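This report describes the fold, the annotated segments, the surface and the charged contacts of one protein chain. The sequence and the model are shown first, and the discussion follows.

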Amino acid sequence: GHRVVGPAGGRFLTVKGHDANMQAVYLHVLADTLGSAGVIVSSVLVHYRGWFIADPICSLAIGSLIFVSVLPLVTEAGGTLLQRTPSELAGVMPEIRRRVKDIKGVVAVESMHIWRQSSAMVVGTLRLHAHGEVPQIASMTADARSLLKEYGVTDPCVQIELVHTNSNSTAGRKSPAT
């Protein structure tokens, strides 16, 4: 099935709900079926027509079909291993960054990375610079996590660094907060 992700009133994205392992199993069964069909067809052609070239031609055709059908699976697996931003979110990354920066107290989005961990899990990490006091961190973190979940991120992680702007000796110093 498909599920729709995205902000209400904004651009909606469709995420395909499939499992790469099931796709690999399907392709394996398809390859076995095509292989068996190819053996039957080439055997008939060799036996009744004497076309000995039929066997290598059938083998090349089956191999080519399998190769072409496996490319999307290999591309998806490579993207997962390389922690590439999912294609359905790549176009809205600037929008996500802008919306996170609009959260009250957030000064800057220093680091944002979203990637597919598996077919069912999208991970997102954010490191934010923010003004405010420690009690406000929980609210900023919850707002950022909720925003990421609107875009289909199933496992959001938000780190906030408070930027002090007092006029005392700690001016401009960053202190990590959890």
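In what follows, a surface patch is made of residues with over 30% relative accessible area and no salt bridge, and nonpolar side chains are joined into one patch within 5 Å. The coordinates discussed here are those of a predicted model.

**A nonpolar patch on helix α1**

Under that definition, Ile 40, Val 44 and Tyr 48 make a nonpolar surface patch of about 350 Å². Val 44 belongs to helix α1, which runs over residues 20-49. The relative accessible area of Val 44 is 42%, and the residue is therefore classed as partly exposed.

**Annotated transmembrane segments**

The unreviewed UniProt entry carries the annotation "transmembrane region" for residues 25-45 and for residues 51-74. In the model, residues 25-45 are 100% helix and 0% strand, and the C-alpha atoms at the two ends lie 30 Å apart. For residues 51-74 the helix content is 88%, again with 0% strand. The end C-alpha atoms of residues 51-74 are 35 Å apart. Val 44, already described as a member of the nonpolar patch, falls within the annotated span 25-45.

**Overall organisation**

The protein contains five helices and six strands. Along the sequence these elements follow the pattern β-β-α-α-α-α-β-β-α-β-β. Of the 178 residues in the protein, 29% are buried. The exposed area of the protein is about 11100 Å², of which carbon and sulfur atoms supply 62%. Among contacts with a separation of 6 or more, 54% are between residues 24 or more positions apart.

**Helix α4 and its surroundings**

Which residues of helix α4 are buried? In this helix, which covers residues 93-101, they are Met 93, Glu 95, Ile 96 and Val 100. Viewed down the axis of α4, these buried residues fall within an arc of 160°, so they line one face of the helix. Their packing partners are α3, β3 (106-118), β4 (121-130) and α5 (134-150).

Two of these partners can be examined through individual residues. Ser 87 is part of helix α3, residues 87-90. With a relative accessible area of 61%, Ser 87 counts as exposed. Its C-alpha atom is separated by 10.0 Å from that of Glu 76, the two residues being 11 apart along the chain. Helix α5 contains Gln 136, which is partly exposed at 39% relative accessibility. Gln 136 and Lys 104 are 32 residues apart in sequence, with 9.4 Å between their C-alpha atoms.

**Salt bridges**

The structure holds five salt bridges. Three of them are set out below, each with the distance between nitrogen and oxygen.

| Salt bridge | N to O distance |
|---|---|
| Glu 88 and Arg 116 | 2.2 Å |
| Arg 98 and Asp 102 | 3.3 Å |
| Glu 110 and Arg 127 | 2.6 Å |

The side chains of Glu 88 and Arg 116 meet in a salt bridge. This pair links distant parts of the chain, for Glu 88 lies in helix α3 and Arg 116 in strand β3, 28 residues apart. Both Glu 88 and Arg 116 are buried.

Arg 98 forms a salt bridge with Asp 102. Are these two residues exposed or partly exposed? Arg 98 has a relative accessible area of 46% and is partly exposed, whereas Asp 102, at 56%, is exposed. The distinction rests on the cut-off, because a residue counts as exposed over 50% relative accessible area.

The side chains of Glu 110 and Arg 127 also meet in a salt bridge. Glu 110 is in strand β3 and Arg 127 in strand β4, so the pair ties together parts of the chain that are 17 residues apart in sequence. Glu 110 is partly exposed, with a relative accessible area of 37%. Arg 127 is likewise partly exposed, at 28%. What network includes Glu 110 and Arg 127? Together with Glu 161, they are linked in a network of salt bridges.

Terms used. Residues are numbered from 1 along each chain as its sequence is written. This is a predicted model: local features need pLDDT of at least 70, side-chain atom pairs count only at pLDDT 80 or more; totals for chains, interfaces and linings use all residues. Side-chain values use heavy atoms; hydrogens and water are left out. Patches are made of residues with over 30% relative accessible area and no salt bridge: like charges are joined within 9 Å, nonpolar side chains (Val, Leu, Ile, Met, Phe, Trp, Tyr) within 5 Å. Accessible areas come from the Shrake-Rupley method with a 1.4 Å probe; for residues, only the protein chains shown count as cover. A salt bridge is a side-chain nitrogen of Lys or Arg within 4 Å of a carboxyl oxygen of Asp or Glu. Helices (H or I, at least four residues) and strands (E, at least two) are DSSP runs, numbered from the N terminus. Buried means under 20% relative accessible area, exposed over 50%, partly exposed in between (1.4 Å probe, protein chains only). UniProt positions are given in the numbering used here, feature names are shortened, and annotations may be inferred rather than shown by experiment. The arc is that of the directions from the helix axis to the C-beta atoms. Contact means heavy atoms within 4.5 Å.
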